[in-house]
Amino acid sequence: MSDLILREQLLTSFQTLKSDFMASLDDAKKLDSEFQKAQKTFAVRMDSHIRQAQKRLPEENPLSSQIDGILSAISDTDKAWQANLASYDKGLSFRQDFQDSLLVFVFGKVKSGKSSLGNYIAWGHTDPSENLKSSVPISLQPEYFTAANTNVVNGDADDEAKHRREFRVGATEATSSIQGFRLPGLTWVDSPGLHSVTGSNGKLAQEYVAHADLILYIMNSAAPGRASDLKEIKELKSKGKETLILITGSDINEEDWDDELGEIVTRVQMKSKETRQMQREYIAKELEDIDSNDILSNSARYAQEHLTDPKEMQNSGMVQLFSRLHSISQNQGVQIKRAVPMTNFSNFLDKCRKELQPYTKLTNDLDAEIAHLESSVPKVMARYTREAQKEMYAIIDDTFNSLENYRDDDEQMNQELRYARRSWNDKLQQVIGIALENGLADITKELKHAVDNTWYSASLELPNFSIEKVTEQIPDGQVNGTKKRNSGWGGLGGLVAGGVAGFMLGGPAGAFLGSSLAGGAGSMAGSAFGSDAKLKTKTIELNVGDNLESLKKQLRDSYASVVKTVIEDESKKVLTSTLAEMRTVTLLVATELREVNERVEAMKALSLQKIIKNGV
Amino acid sequence: MTAKDSMASADLDVLLKQASDILARKQGQDKPVIAVWGMMNAGKSYLLNMLTHHYNAEYFPTKDTRETAQLKQFEGESYIFLDTPGLDAHDADDQVAMDGAAKADVVLFVHQPKGELEKIELDFLKQLKESFGVYAEKNIVLVISKADAESLEKIEQIEQKVLEQCHLHLGFAPESFLISGTRFHKGIQQHKDGLVKASHLQELKQHIETLGIDVRAVREERIRHVQNTLLLEISAAEEALNDEKLQLEDNLYWNFARFNDAMLSLDLSMTLKKVEYMNERILGE
């Protein structure tokens, strides 16, 4: 193996790992701040569009309260959506110890040498002195923590490792809690054993196992491959985690008798190569399907006595462990871990995109419904116009039937016509009023229907948001109730009255006086009417008596034309233009949504790119 | 189902066989059997090699992994030495080791100084103590092996802790020895008395001598214990069998209850019909 490394190099490589992790987190955070900006811009612009539109709504317009309700509903939908987004945890962090570093979870029996090894990794010594600890630079000082304490007999006191900043390695004490230490880029966690942990500790241990990049199973060379150890390893292996079996304490005390001193002299030696290999082979055989590379013999004690001798360091097996840890830090699992915040954020963007879909659909559907309604206004009004015209024809025809009797009496005829005109004008006002009423009732009803439909079909899954609330805000159509009706068409009475007044003065009056309407005097619509309703005037020649039929026809046409024009004009002003106004809002909202969706898509693409770049 | 198939009766069969085995056991005037017992790799075989003077060639093979899987004995001048498989090396080994311990008159419980006694060791020791009855305190001897593996200070710390554990869990603290087989071996081979002395092996030997083992008494005590245990287990099995029988009878009764009801009503209706028929005949005449 050419890439054998020592503890210092390993720690350096972990520091690099840590900065890689931090860089990944930064990337995710940057993207999130961009997202937040986009979200905020969207919110502000939406709010502004809606408020502007509400401000533009004419107070006296009968559709105003309905449109206002729709706008409020859109605004509420938007707020609910924003609140929903805010409620998500974007996962823009590493979970401490589980995700922010290479996690090594150490298993093994009490006294198997777990603590000695942990101390060796942390401090370079199995039983570090205070002097040694204080000589380690701050940046490389391990930070100890205790997760939970099981009530094992002879267990250590709560947080003992934390206070002492090392694992206990006494002759008889046992480690009973999940405890560990952090070095930059490395989290080392010591387990009291799969079967010794219960309750909350057990759950935590499982979680550590799930997040571990390496499970280190430690057996002591004094009794390697015990049945209970093998059982536990098989169970751990079944979780599909990268597992390394370490036969610690693969050393012996070589003793001799010093005759001069009269005492025993001791020297630590590695167990013979053959013995170490035999132990590894025995375990490999018992575990059946295990790679012999996944079993290492080592001795921390030997390693610490030969710190400066590369050959003996390798002999100690410690260098191989370091190399293994180093290679794991470069592997895919750790890369995936590194990308965790970006992956979380990427998933968040997915959720966001998914929720934008019904939102967008809602806006588009609403827009389509209103557009449809807008185009249907003339059709609806045309129907009522025809009805109104029919009524006008009926009253005019009636009058002319009775006029037959006065065919020879011009004076009488004119007298009768004058009376008749008064009632025609009353009727005109009445029929236009009714037509507009009915048309408005139809349109408001359809508008409510359209809004109901779109909100129901949008299937927005938003918290604290109900469709009932949306439709409640939209008042029912103004079908019944005279009070509403009057307020609905506030300007109508005066308008029609004005039209009739003009007709009275200008048109027929002149005709009656001079038996014919000459020049511009016979204008159907008076100036007051004309300027209001923008009627085209036309010259009518009346030849009373002889031209009674023709007069009747002309009057019918004139009144029909007034009905049509006034209704057309009024409905255009009151209904069509308001609906068009509403549409400008829905179109704006749709545009905003499209823009924000495009930005989210772009961010999603960027996040994927970053995740891939991180080597996953 | 037949009684033979039932769990309780299967248990009883095993127990009865054990009982006849015990009754057939030879009560001979054998030499005392000294067995080593303990976890795998505790150093049991190595210790026996030293105790039986196998310095150059191992009689009891040793290895740094699981080695002894069967009982193996060596008959010396005054004792029979029995090697047993290490505990927790292999599930099958544990039973063999239990059988070995059952045959022993003295058990040297070997513990290597990797901390105090583990729970599994304590559990085995408790069973062993039970089986020795009144001889437990005397005839179970604690050997802390591989005393060379740690500093004396640590070894003594471990010994003290282990004795405390024994006191707490077994009710007595056995005689204990801090043995280093390798020291003894090297001392003998290189004629270094200092090492031999520091191995404490001679002290263990002397202790065994002073035990003055009354083979007949120990075995009677142990058999008596096994018999008592068996008797208890047999009566428990008997009780279980009885429960099973009651349960069966109960099931039988309930399963037949509807049939019996039906038969009863059939019987009743037959009687009624008969009465009707008789009446008609009388009236008809």
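A salt bridge, as I use the term today, is a side-chain nitrogen of Lys or Arg within 4 Å of a carboxyl oxygen of Asp or Glu. The side chains of A:Asp256 and B:Lys192 meet in just such a pair, with 2.8 Å from N to O, and between chain B and chain A the count of salt bridges is six.

Before going on, please keep in mind that this is a predicted model, in which local features need pLDDT of at least 70 and side-chain atom pairs count only at pLDDT 80 or more, while totals for chains, interfaces and linings use all residues. Residues are numbered from 1 along each chain as its sequence is written, chains are lettered from A and ligands numbered from 1 in the order in which they are written, and side-chain values use heavy atoms, with hydrogens and water left out.

Now to the interface as a whole. Chain B brings 33 residues to the contact and chain A brings 30, where contact means heavy atoms within 4.5 Å. About 2500 Å² is buried between the two chains, and carbon and sulfur atoms give 48% of that; buried area here is the accessible area, taken with a 1.4 Å probe, that two parts lose on being put together, summed over both. On the chain B side, B:Asp64, B:Asp88 and B:Lys114 lose the most area to chain A, together 21% of what that side buries.

Which residues of chain B make the contact between α2(B) and α9(B)? Helix α2 (residues 44-51) and helix α9 (residues 201-210) of chain B pack at about 75 degrees with axes 11 Å apart, and B:Leu47, B:Met50 and B:Leu51 of α2(B) touch B:Leu201, B:Leu204 and B:Lys205 of α9(B).

Terms used:
Axes fitted to C-alpha atoms, helices over the stretch in contact; angles between N-to-C directions. Helix = DSSP H or I, 4+ residues; strand = E, 2+ residues; numbered from the N terminus.
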